[in-house]
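The report that follows reads one predicted model through its charged pairs, its aromatic rings, its interior positions and its domains.

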Amino acid sequence: MNKLDKKVVMITGAADGIGAAAGRALALAGATIVATDINLDGAKALAASLGNNAIAMSLDVCDENAWQSVINKVMQDFGKLDILVNNAGGAGAGTIEDISIADYRNAMRLNADSVFIGSKLAIEVMKGTGGNIINVASIHGIRAAAHAASYTAAKGAVRLLTKSVALHCAQHGYNIRCNSIHPGYVLTTQMLDWLDKQEDPAAAREQLVALHPIGYLAEPEDIANGILFLASEDSRFMTGSELVMDGGFELV
Ligand SMILES: NC(=O)c1ccc[n+]([C@@H]2O[C@H](COP(=O)([O-])OP(=O)(O)OC[C@H]3O[C@@H](n4cnc5c(N)ncnc54)[C@H](O)[C@@H]3O)[C@@H](O)[C@H]2O)c1
């Protein structure tokens, strides 16, 4: 018996990077995957690669109405939602002096408001049967980055929203766990594209590696393994916790 047999899992931002790797890892563990993304073609490609136990749906996580439609469709098609992985998000660069209030609000909408909306709607459908919410935050939700003021603020909000949700659900006996995961720098397409644009990509990569005492950057699969752990009963005694997967970034 696989660890996630019969589990219905919805993943946001599943077309690429950590979300896609999580889709592959959780499907391998037996889960049915609802791969959602603003990039529907990308989500479809992932779902097709996973075989019969996966479907793709379009979802912009900033759109509250779209969230409701997707959750309704999941309930209609599968009758339940066991696990929600709030993964979609993105780093916006800029210090407090560089960025506008509009940039800040956009980063909050994408990285933090989306987790609020998704968690709220998921709890509604999970509270009868139990469930599990996994929020992909960042090491910058724990350790500030001066060069990413809005991203730091948003991921910090995700970290504490996770704990508030976990406590609320536990206090109400909902049998819904909620944990956050905090990756260091991961070699996703977004990261590789950014490195390619630097004047000296190799030197830029070395600078990023130097932030991680372990001596290398993460692959999306490294973080997917953490998501799989939080999704499975192996972590049944964890709620409101922070799973830090940062190659020691936080230590220096
Ligand atoms: N890559 C890193 O170094 C790193 C480090 C720490 C945390 N994270 C976090 O991990 C999560 C995934 O990041 P990634 O690096 O895999 O990114 P990625 O760019 O590789 O993939 C992000 C996916 O999200 C989708 N997306 C973007 N905006 C969306 C929206 N509004 N609605 C729905 N989908 C949307 C994209 O289409 C893409 O498929 C993010 O929350 C990110 O902040 C990433």
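Which side chain meets that of E242 in a salt bridge? The partner is K163, at 2.9 Å from N to O, where a salt bridge is a side-chain nitrogen of Lys or Arg within 4 Å of a carboxyl oxygen of Asp or Glu. This pair links distant parts of the chain, with E242 in strand β7 and K163 in helix α5 (residues 149-171), 79 residues apart; helices (H or I, at least four residues) and strands (E, at least two) are DSSP runs, numbered from the N terminus. Salt bridges that share partners join R159, K163 and E242 into one network.

The model is predicted, so that local features need pLDDT of at least 70 and side-chain atom pairs count only at pLDDT 80 or more, while totals for chains, interfaces and linings use all residues. Residues are numbered from 1 along each chain as its sequence is written, and side-chain values use heavy atoms, with hydrogens and water left out.

**Salt bridges**

The count of salt bridges comes to 6, and the table gives some of them.

| Pair | Closest N to O distance |
|---|---|
| D234 and K3 | 2.6 Å |
| K80 and D82 | 3.0 Å |
| E242 and K163 | 2.9 Å |

The pair of D234 and K3 also links distant parts of the chain, D234 being in the loop between α8 (220-231) and β7 and K3 in the segment before β1 (8-11), 231 residues apart. As for accessibility, buried means under 20% relative accessible area, exposed over 50% and partly exposed in between (1.4 Å probe, protein chains only). On this scale K3 is exposed at 52%, whereas D234 is partly exposed at 48%. K80 is partly exposed at 26%, but its partner D82 is buried at 10%. E242 and K163 are both partly exposed, with 27% for E242 and 24% for K163.

**Aromatic pair**

A search of the whole structure finds 1 aromatic pair, the rule being that rings of Phe, Tyr and Trp (its six-membered ring) pair if their centres lie within 6.5 Å, with planes under 30 degrees apart counted as stacked, over 60 as edge-to-face and the rest as tilted. Y185 and F249 form this pair, which is stacked, at 5.8 Å centre to centre and 15 degrees between the planes. Because Y185 lies in the loop between β6 (176-183) and α6 (189-197) and F249 in the segment after β7 (242-245), the pair ties together parts that are 64 residues apart in sequence. Both Y185 and F249 are buried.

**Two buried strand residues**

L84, in strand β4 (residues 83-86), is buried with a relative accessible area of 0%. Its contacts (heavy atoms within 4.5 Å), not counting residues up to four places away in sequence, include M10, W67, G118 and I134. H182, found in strand β6, is likewise buried, at 0%, and beyond its neighbours within four places in sequence H182 is in contact with residues including R159, E242 and L243.

**Domains**

The domain assignment, which is automatic or from a database, gives domain 1 (8-183 + 219-242) and domain 2 (187-217), whose C-alpha centres lie 25 Å apart. In contact across the interface are 7 residues of domain 1 and 5 residues of domain 2. The two domains bury about 410 Å² between them, 45% of it on carbon and sulfur atoms, buried area being the accessible area (1.4 Å probe) that two parts lose on being put together, summed over both. In domain 1, D16, E219 and P220 lose the most area to domain 2, together 65% of what that side buries. Between domain 1 and domain 2 the count is 0 salt bridges.
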